[in-house]
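Q: Could you take me through one part of this structure closely, and then through its wider setting? I am a first-year student, and plain words would help me most.

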Amino acid sequence: MKKRIVIIEGDGIGPEVIRQGKKILLCINNKFNHNFLYTEAIAGKLAIRKYNNPMPDDTIENCLKADAVLFGAIGDDKYDNYPIGMRPEDGLLRLRKKMRLFCNIRPIIGYENIHYSSNTINKPILPNVDFVIYRELSSGIYFGKKGRLKNGEIAYDYCMYSKDEIKEIGIMAFQAADARKKKLTLVDKANVLETSRLWREVIQKLALDYPHVQLECLYVDNASMKIIMNPIDFDVILSDNMFGDILSDEASILSGSLGMIPSASIGKNKKALFEPIHGSYPQAAGKNIANPLGCILSVSMMFHYFGLYKEQKLIENAVKNSINNNIITKDIVHPLEKYYSTEEVGNYIELYIKNH
Ligand code: IPM
Ligand code: MG
């Protein structure tokens with residue numbers, strides 16, 4: 001299969017995890033005789049230094065022309081006080097908007113054999129966790145008008161949603177639930193927010209088209225408690241941009257660490273971007289300790305998107321195998337066991353793929 005892929009390393013641990021993701025991409029390319037052509041583009045700190053812009057127009061152009069984008073991470077606290085639009089994170093938001101990536105998919109899966117660092121969680125059930133978060137990604141409070149009034153004494157961020165925006169991701173989430181365990185949980189704050197009331201209205205109406213899917217509506221405060229208390233109760237969680245951001249970091253702990261979670265962002269006109277959700281994690285940058293599994297699993301989500309299911313499955317099996325054999329990074333290993341570097345985990349997975 002011929003595909004054009006743009007790869008963006010970005011900031012912090014981005015380059016290290018992307019190196020492993022790229023390794024797996026090329027390994028699959030060679031093993032299955034595909035014709036993946038990839039080009040690199042820059043964003044984040046490097047782009048600010050070079051072009052004074054965290055997401056240069058060139059990079060956006062390249063991404064819009066590609067069949068898929070593989071993204072590392074963006075963010076650097078050196079730029080925290082830069083003006084609106086100039087911070088690295090603003091670059092990522094601009095790319096999401098330009099590619100019109102409205103549907104962000106974040107699977108949360110529990111595993112045997114990894115060390116769950118939190119002792120507040122009901123550990124025996126964790127390997128049975130299997131749900132997926134559908135987060136709206138190109139609207140809401142992230143993209144509403146924002147600013148300051150009265151010489152900076154007052155700040156505001158508007159949250160706005162249209163029925164069409166809600167319906168668009170709603171359909172994706174219902175379809176996913178229909179193909180899975182047939183339960184959809186809408187997470188909102190409809191007891192307080194008008195946007196949430198619109199979400200409920202639209203999603204409840206849409207539910208009539210999916211009679212086999214059970215719809216549950218939860219307030220976000222309640223949902224965040226239930227995700228920890230009874231995570232096996234969820235199948236597909238649907239939420240707006242902000243709540244989805246928060247809940248996905250919370251839920252990642254059920255997979256052992258934030259470093260485990262991949263994501264797919266699907267846009268209009270067949271645009272798509274794949275990225276681990278962990279962010280740039282500058283404290284770990286350059287130490288070869290970052291968990292590459294979120295990035296490697298993002299590559300497998302890319303293959304799923306291409307319809308290459310054999311390739312997708314092979315990567316997933318390789319990841320499971322590395323976890324079962326304790327070839328894992330520091331963040332998920334038991335404190336008394338040996339841990340492996342970012343590179344070593346990537347190499348192990350590459351070898352598994354070559355041999356299977
Ligand atoms: C994520 C990240 C981003 C977000 C940041 C880096 C802007 O936290 O993808 O979850 O808030 O969407
Ligand atoms: Mg986040």
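A: Let's begin with a term that we will need often: a residue is buried under 20% relative accessible area, exposed over 50%, and partly exposed in between (1.4 Å probe, protein chains only). The model is predicted, with local features needing pLDDT of at least 70 and side-chain atom pairs pLDDT 80 or more, while totals for chains, interfaces and linings use all residues. Residues are numbered from 1 along each chain, chains are lettered from A and ligands numbered from 1 as written, and side-chain values use heavy atoms, without hydrogens or water.

Now to the close look, which is at ligand 1. Around ligand 1 you will find Glu-89, Arg-96, Arg-106, Arg-135, Tyr-142 and Asp-245 (around, here, means a heavy atom within 4 Å). Pick out Asp-245 in the picture: one of its polar side-chain atoms is 2.8 Å from an oxygen atom of ligand 1. Arg-106 also reaches an oxygen atom of ligand 1 with a polar side-chain atom, at 2.9 Å. For Arg-135, the distance from a polar side-chain atom to an oxygen atom of ligand 1 is 2.9 Å as well. Ligand 1 has 320 Å² of accessible area on its own, and the protein covers 80% of it (Shrake-Rupley method, 1.4 Å probe; for residues, only the protein chains shown count as cover).

From here we can follow the chain into helix H4, residues 88-98 (helices, H or I of at least four residues, and strands, E of at least two, are DSSP runs numbered from the N terminus). Arg-96, one of the residues around ligand 1, is also one of the buried residues of H4. The others that are buried in this helix are Pro-88, Asp-90, Gly-91, Leu-92, Leu-93 and Leu-95. It helps to remember that an α-helix has 3.6 residues a turn, so residues three or four places apart point the same way.

After H4 comes Arg-100, placed in the loop between H4 and strand S4 (101-109). Its phi is positive, about 50 degrees, although Arg-100 is not a glycine. Arg-100 counts as partly exposed because its relative accessible area is 41%.

Lys-150 makes a good companion to look at. Its phi is also positive, near 50 degrees, and Lys-150 is a residue other than glycine. You can find Lys-150 in the loop between strand S6 (146-149) and strand S7 (154-157). With a relative accessibility of 63%, Lys-150 is exposed. In strand S6 sits Lys-146, which is partly exposed at 34% relative accessible area. From Lys-146 to Asn-324 the C-alpha distance is 47 Å, with their positions 178 residues apart in sequence.

Next, turn to the early part of the chain. His-34 belongs to the loop between helix H1 (14-31) and strand S2 (35-41). His-34 is buried because its relative accessible area is 14%. The His-34 side chain makes a polar contact of 2.6 Å with the side chain of Glu-311 (a pair of N or O atoms within 3.5 Å; within protein, one must be able to donate a hydrogen and the other to accept it, and residues adjacent in sequence count only if both atoms are side-chain atoms). Asn-35 lies in strand S2 and is partly exposed, at 37% relative accessibility. Asn-35 and Lys-2 are 33 residues apart in sequence, yet their C-alpha atoms are 4.5 Å apart in space.

Two more places finish the tour. Ser-252 is part of helix H8, residues 241-252, and counts as buried because its relative accessibility is 1%. The C-alpha atoms of Ser-252 and His-278 are 9.3 Å apart, and the two residues are 26 residues apart along the chain. Gly-279 is in the loop between strand S12 (272-274) and helix H9 (293-306). With a relative accessible area of 22%, Gly-279 is partly exposed. Between Gly-279 and Ala-190, the C-alpha separation is 29 Å for 89 residues along the chain.
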